[in-house]
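Reader: I would like a close look at one part of this model, with its surroundings described in order. Please keep it plain.

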Amino acid sequence: MIKVENLVKKYGSITASNCLNCNFEKGKITVILGGSGSGKSTLLRQLTALEKPDSGSIYFDGVNITSMPKKKIYDLRKRMGMLFQGSALFNYLNIFENIAFPLREHTKIADSVIKTIVTMKLEMVGLRGTEHLMPSQLSGGMTKRVGLARAIVMDPEIIFYDEPTSGLDPISTGVIDKLIKDLNQALNITSVVVSHDIESCFRIADNIIILFYGDIIAQGTAQEIKNSDDLRVKQFINGEPEGPIPFTRTDKNYLDEILFD
Ligand SMILES: Nc1ncnc2c1ncn2[C@@H]1O[C@H](COP(=O)(O)OP(=O)(O)OP(=O)(O)O)[C@@H](O)[C@H]1O
Ligand SMILES: [Mg+2]
């Protein structure tokens, strides 16, 4: 569904995407895994055409989206659902209006039909009857599920998730993982999930891409990743403190500050 070729994105002296080549297969769940600052969100922003690469190509169903005019990108986005890091719900709108928002923005669907669609999507994420609640009244897991209901409200062909389980307890994480898998199957869509949760990744991924400071250091099925001989991959999936993955300069400064101040 998406083919990435020689993708480069730099911010000043930082190379966030260092000539990436990878595929996101139709109907499959691909998880982009990597430590903080490895370039996961940057890749996601380029895949969703929120940001342009410095060079390289991204083919969406065979069409290069890196050189697409704005109007076409706008149309393309209607085929995509997005669950942002932090869910990005509107605090001043209740759950119903949050989920209905894309329908009101992009379509002329009648109110009665919007009501049916929102109820159906809430049902799918297991939150029927919460329409009237405000975002501030929800738990972290519920917030993610509302974000998910909004992401699927326009019946997208592909959903992008940025850290869908970050900050959740293991049970809520399991619920979201199951939802991602179930929705992928039930709606017959393609899913791209950014995560640094290894267990969750192994539970849901058909394919895994591991980023390390802007480079892809491994890609393949869970089994292939588990069998990798790359020391960086081993360190990452085993969560070992010692190994070739260094602290970033910022992490090191931060640790010095909190430990020695
Ligand atoms: N808009 C920006 N301007 C400048 N630098 C940026 C920008 N976006 C990302 N970067 C830098 O690019 C690198 C990759 O960042 P990115 O947000 O893609 O990482 P990430 O893997 O999503 O990390 P995290 O797990 O912490 O969300 C980092 O060094 C970051 O500081
Ligand atoms: Mg990120």
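Is Asn188 buried or exposed, going by its C-beta neighbours inside 10 Å? Please continue from there into strand 8 and what surrounds that strand.

Author: The model is predicted, and what follows should be read in that light. Asn188 counts as exposed, because it has 10 C-beta neighbours inside 10 Å and the limit for exposed is 12 or fewer. Asn188 sits in the loop between helix 6 and strand 8. Its backbone is also worth a look: phi is positive, about 55 degrees, although Asn188 is not a glycine. Most residues other than glycine have a negative phi. Asn6 also has a positive phi, of about 45 degrees, and is not a glycine either. Asn6, however, belongs to strand 1, residues 2-11. Asn6 is partly exposed, because 13 other C-beta atoms lie within 10 Å.

From the loop that holds Asn188, the account moves to strand 8, residues 190-195. Strand 8 is mostly covered, with six of its six residues buried. In a regular strand the side chains alternate between the two faces of the sheet. On one side of strand 8 are Thr190, Val192 and Val194, and on the other are Ser191, Val193 and Ser195; both faces are covered. For the protein chain as a whole, buried residues make up 34% of the 261 residues.

Next come the pairing partners. Strand 3, residues 29-34, runs parallel to strand 8 and is joined to it by five bridges. Within that pairing, Ile32 stands opposite Val194. Strand 7, residues 158-162, also pairs with strand 8 in the parallel sense, again over five bridges. Here Ile158 is the residue opposite Thr190. The connection between strand 7 and strand 8 involves helix 6, residues 170-186, and the three elements make a right-handed β-α-β unit.

Strand 7 includes residue 162, and Asp162 leads to another part of the chain. The C-alpha atoms of Asp162 and Gln85 are separated by 4.8 Å, although the two residues are 77 apart along the chain. Gln85 lies in the loop between strand 6 (80-83) and helix 3 (95-106). Leaving aside neighbours within four places in sequence, Gln85 is in contact with Ser41, Asp162 and Glu163. Gln85 counts as partly exposed, because it has 15 C-beta neighbours inside 10 Å.

Ser41, one of the contacts of Gln85, also belongs to the residues that surround ligand 1. The others are Tyr11, Ile14, Ala16, Gly34, Ser36, Gly37, Ser38, Gly39, Lys40, Thr42 and His196. Strand 2 (14-24) and helix 1 (40-47) are the elements that give two or more residues to this shell. Helix 1 gives the most, with three residues. By type, the shell divides into three nonpolar, eight polar and one charged.

Last, the setting. The protein chain has ten helices and ten strands. Its C-alpha trace spans about 55 × 45 × 40 Å along the principal axes. The radius of gyration is 19 Å, which agrees with the value near 18 Å for a compact globule of 261 residues. Of the contacts with a separation of 6 or more, 64% are between residues 24 or more positions apart.

Terms used. Residues numbered from 1 in each chain as written. Chains lettered and ligands numbered in written order. Predicted model: local features only at pLDDT ≥ 70, side-chain atom pairs only at ≥ 80, totals over all residues. Helix = DSSP H or I, 4+ residues; strand = E, 2+ residues; numbered from the N terminus. Buried ≥ 20, exposed ≤ 12 C-beta atoms within 10 Å, placed from the backbone. Contact = placed C-beta atoms within 7 Å. Rg over C-alpha atoms; globule rule 2.2 N^0.38 Å. Near = placed C-beta within 6 Å. Nonpolar A, V, L, I, M, F, W, Y, C, P; charged D, E, K, R; others polar. Pairing = 2+ DSSP bridges. Right-handed = clockwise from strand over helix to strand, strands pointing away.
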